[in-house]
Amino acid sequence: MSVTDPQPPAPDARTDAAQEALHDRIAADSLTTRRDYLRIVATVSGGLAVGGIGVASGILHRHGDTDGNPEIRKIADRIEPGESLAFRYPGDEDRAIAVRMDDGTLAGYSAVCTHLACAVLWRKERGSEGELYCPCHEGIFDARTGEVTAGPPPRGLPKVILLEQADGSVWAVGTARSGESLQEGYCRQRGQGSPLCARLEGTAPETGGGTERNERT
Ligand code: FES
């Protein structure tokens, strides 16, 4: 298992410029008109390490669920098959985890257990695709969907919506609540008129690692 927990990237001009550029691309619906592609993947919405505190971007309804309009943030230069990445999203205190399965599927989930908010871990060696595991009460979540497969958690993990760019960098662009599709979550946060809102159709929770590729012309 490979788990890293990088420090939040120090704001600098290059990071700001890249983030601004990605904002512009989404806002201008330029995704299909450029040469590279974006792969839309599911990950987790960051939740809270401790329940009962409002998150930076909105109000916490249940463990890991967030409202508001999270910022777009680069979380990794690359995530290789078999690796996982612990990161913070949407707020700097909101624990989340992204996992890359051996078939290349990239998925991410809140690292906040929906039972009593313990930290969720990635166990790559479990089963054919690994699993997300909460050691507090043996809660287990499906690696592809975030749904509960064992233990007391009452519902699946919220997700973060990621964009993977042609250079392999991975960006968090939004969140989806437990039981909410990626499209529902993204459209709720960014608005029905957002270009990516329509493009996320079909990336439902049951295909949490689903991808969409937009070839540039
Ligand atoms: S806090 Fe995760 S199973 Fe209880």
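Trainee: Between which two strands does the loop holding Pro90 lie?

Mentor: Happy to start there, and keep in mind that this is a predicted model. Pro90 sits in a loop, with one strand covering 83-88 and the other covering 95-100. Those strands are β4 and β5.

Trainee: What is the omega of the peptide bond that joins Tyr89 and Pro90?

Mentor: Good one to check in the backbone. The bond between Tyr89 and Pro90 is a cis peptide bond. Its omega is about 5°.

Trainee: Let's step back to the whole chain. How many helices and strands does the secondary structure come to?

Mentor: The chain has 217 residues, and buried ones make up 52% of them. Its exposed area is about 9,400 Å², with 49% supplied by carbon and sulfur atoms. As for secondary structure, the count is 3 helices and 12 strands.

Trainee: Of the contacts between residues at least 6 apart in sequence, what percentage join residues at least 24 apart?

Mentor: Here we take contacts in the chain and leave out pairs under the 6-residue separation. The share that joins residues at least 24 apart is 56%.

Trainee: Now the open sheet. In what order do its strands come?

Mentor: The sheet has 4 strands, and their pairing is antiparallel. From one strand to the next, the twist averages 40°. The order is β7-β8-β9-β10.

Trainee: Why is one side of β7 and of β10 left without a neighbour in the sheet?

Mentor: β7 covers 121-123 and β10 covers 148-150, and both stand at the edges. Each therefore has one side without a neighbour, because each has a single partner strand.

Trainee: Which residue in β9 is the bridge partner of Leu132?

Mentor: β8 and β9 run antiparallel and are joined by 4 bridges. In the bridge that involves Leu132, the partner in β9 is Phe141.

Trainee: And which residue in β10 is the bridge partner of Ile140?

Mentor: β9, residues 139-142, pairs with β10 in the antiparallel sense over 2 bridges. The partner of Ile140 in β10 is Ala150.

Trainee: Which residue takes a positive phi in the hairpin of β8 and β9?

Mentor: That hairpin has 4 residues between its strands. The residue we want is in the loop between β8 (131-134) and β9, it is not a glycine, and its phi is near 65°. With a relative accessible area of 46%, it is partly exposed. It is Glu138.

Trainee: In the hairpin of β9 and β10, what is the phi of Gly146?

Mentor: β9 and β10 have 5 residues between them, and Gly146 is in the turn. Its phi is positive, at about 80°.

Trainee: Is Ala117 buried or exposed?

Mentor: Ala117 lies in the loop between β6 (106-110) and β7, and its phi is positive, about 70°, although it is not a glycine. The cut-off for a buried residue is under 20% relative accessible area. Ala117 has 11%, so it is buried.

Trainee: One last pair: what separation do the C-alpha atoms of Leu196 and Gln183 have?

Mentor: Leu196 belongs to helix α3, residues 195-199, and is buried, with a relative accessible area of 1%. Along the chain, Leu196 and Gln183 are 13 residues apart. Their C-alpha atoms are separated by 8.4 Å.

Definitions and conventions
Residues numbered from 1 in each chain as written. Predicted model: local features only at pLDDT ≥ 70, side-chain atom pairs only at ≥ 80, totals over all residues. Heavy atoms only, no water. Pairing = 2+ DSSP bridges. Axes fitted to C-alpha atoms, helices over the stretch in contact; angles between N-to-C directions. Buried < 20%, exposed > 50% of the residue type's maximum accessible area, 1.4 Å probe, protein only. Contact = heavy atoms within 4.5 Å. Areas by Shrake-Rupley, 256 points an atom, 1.4 Å probe, with all protein chains shown as cover.
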